[in-house]
Amino acid sequence: MSSSENAAGKSACGGKPDPLQTQGVTCQEDPNGGNLWDTFQLLQIDVGCESSRDQVASNENGCSRNVLRKQRHWEKIVSAKKSKRKLERERRKAKHAEEKGSAQQLSKRELKLIAKERLLSARETGPWLCIDLSMTTNMTHKMDVTPESYLDLFPSETIVYLTPDAENALEEVDPHKVYILGGLVDESIQKSLTLHKAQREHLQTVRLPIQEYMVKNTNAKNYHSTTLAVNQVFDALLCFYATKSWEEALRVAVSPGKGYVLREETI
């Protein structure tokens, strides 16, 4: 291409350098007399501007740096609070375990003295409650009550005295026998009291077969007792008479606080 052609090309392009000349592209005019290169440059600017606007709009809608920074900051705060609460829980557990381990184990006698002191203090300073039993004659009759002794009511050979201190264990509940329960309701356990009474009256004595079907269970107070309340002995007899199973009867009657569990329940 001659220098005159280069000048003409330069003039046709409006005095601007032609970056596409090296690739064999020449400036041409559109049918309306306009410069196609200027039109192409205009289109390039429009596309670029539209792309920038879209990017800004996208950032403003949910991906701006400010929003992301605030979100990360909030996540750090939440995570720190969770860690603090977890450490506080662990600290309280450790303190509770330490206090429990260092607590002095009181003997049964000491516990009774404490209970007695609390009872005396409550009687002196607490409110009083009195139960009026003068209206018992107006109550519905529920069982035979008599001032007579059972020795006067039943033949001695039919009487069986249930006492936890007896040597022999009860095997069967005979409907033709009369079973006597000691009506002693007290917090303290008086050893062999019912046994000696039955021996003085020359009566047969038996005990519930707790040792035959149950074993001592380890507990914090190392407390074990075969002495049951009146209602517990009654429940045991009633359940055995219905099921013919001492396991079921003792499971119902012997509370966990007595320190005994069935042999089959031991680990």
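Helices here are DSSP runs of H or I with at least four residues, numbered from the N terminus. With that settled, open the model, keep in mind that it is predicted, and follow along.

**Stop 1: helix H3**

Select residues 65–102, which make up helix H3. Now colour Lys81, Lys82, Arg85, Lys86, Arg89 and Lys93: together they form a positive patch on the surface. Click on Arg89, one of the patch members, which sits in H3. Arg89 has a relative accessible area of 42%, so it counts as partly exposed, the class between 20% and 50%.

Stay on H3 and show the side chains of Glu88 and Arg92. These two meet in a salt bridge, 3.7 Å from N to O. Glu88 and Arg92 are 4 residues apart in the helix, which means about one helical turn lies between them. Neither end is hidden away: Glu88 is partly exposed at 30% relative accessibility, and Arg92 is partly exposed at 45%.

**Stop 2: just past H3**

Move on to the loop between H3 and helix H4 (108–125), where you'll find Leu106. Add Leu111 and Ile114 to the selection. The three residues form a nonpolar surface patch, with about 210 Å² of accessible area together. Leu106 itself is partly exposed, at a relative accessible area of 36%.

**Stop 3: more salt bridges**

How many salt bridges does a search of the whole structure find? The count is 6. You've already seen one of them, Glu88 with Arg92. For another, select Lys197 and Glu201, whose closest N and O atoms are 2.9 Å apart. Lys197 is partly exposed at 30% relative accessibility, and Glu201 is partly exposed too, at 24%.

Next, jump to helix H9 (246–253) and pick Glu248 and Arg251. This pair also forms a salt bridge, with 2.9 Å between the closest N and O atoms. Both residues lie in H9, 3 residues apart, or about one turn of the helix. Glu248 is partly exposed at 36% relative accessibility, as is Arg251 at 35%. Then swing back to H3 and add Arg91 to your earlier pair: Glu88, Arg91 and Arg92 are joined into one network by salt bridges that share partners.

**Stop 4: a lysine without a partner**

Select Lys258, in the loop between H9 and strand E5 (260–262). Is Lys258 buried or exposed? Lys258 is buried, yet it has no salt bridge. Side chains of opposite charge can pair when their charged atoms come close. Here the nearest side chain of opposite charge belongs to Asp165, 12 Å away. So what surrounds Lys258 instead? Setting aside neighbours within four places in sequence, Lys258 is in contact with Tyr223, His224, Ser225, Thr227, Leu228 and Gln232. Show those six side chains as sticks to see the surroundings.

**Stop 5: Leu237 in helix H8**

Finish in helix H8, residues 230–243, and centre on Leu237. Its relative accessibility is 14%, so Leu237 counts as buried, with the cut-off at under 20%. Which residues does Leu237 touch, not counting those up to four places away in sequence? They are Leu162, Leu170, Val173 and Leu208. For a last look, draw a C-alpha to C-alpha distance from Leu237 to Ala253: the two are 9.0 Å apart in space and 16 residues apart in sequence.

Terms used:
Residues numbered from 1 in each chain as written. Predicted model: local features only at pLDDT ≥ 70, side-chain atom pairs only at ≥ 80, totals over all residues. Heavy atoms only, no water. Patch = residues over 30% accessible without salt bridge, like charges linked within 9 Å, V, L, I, M, F, W, Y side chains within 5 Å. Areas by Shrake-Rupley, 256 points an atom, 1.4 Å probe, with all protein chains shown as cover. Salt bridge = Lys/Arg side-chain N within 4 Å of Asp/Glu carboxyl O. Lys, Arg positive; Asp, Glu negative; His and termini not counted. Charge placed at Lys NZ, Arg CZ, Asp CG, Glu CD. Helix = DSSP H or I, 4+ residues; strand = E, 2+ residues; numbered from the N terminus. Buried < 20%, exposed > 50% of the residue type's maximum accessible area, 1.4 Å probe, protein only. Contact = heavy atoms within 4.5 Å.
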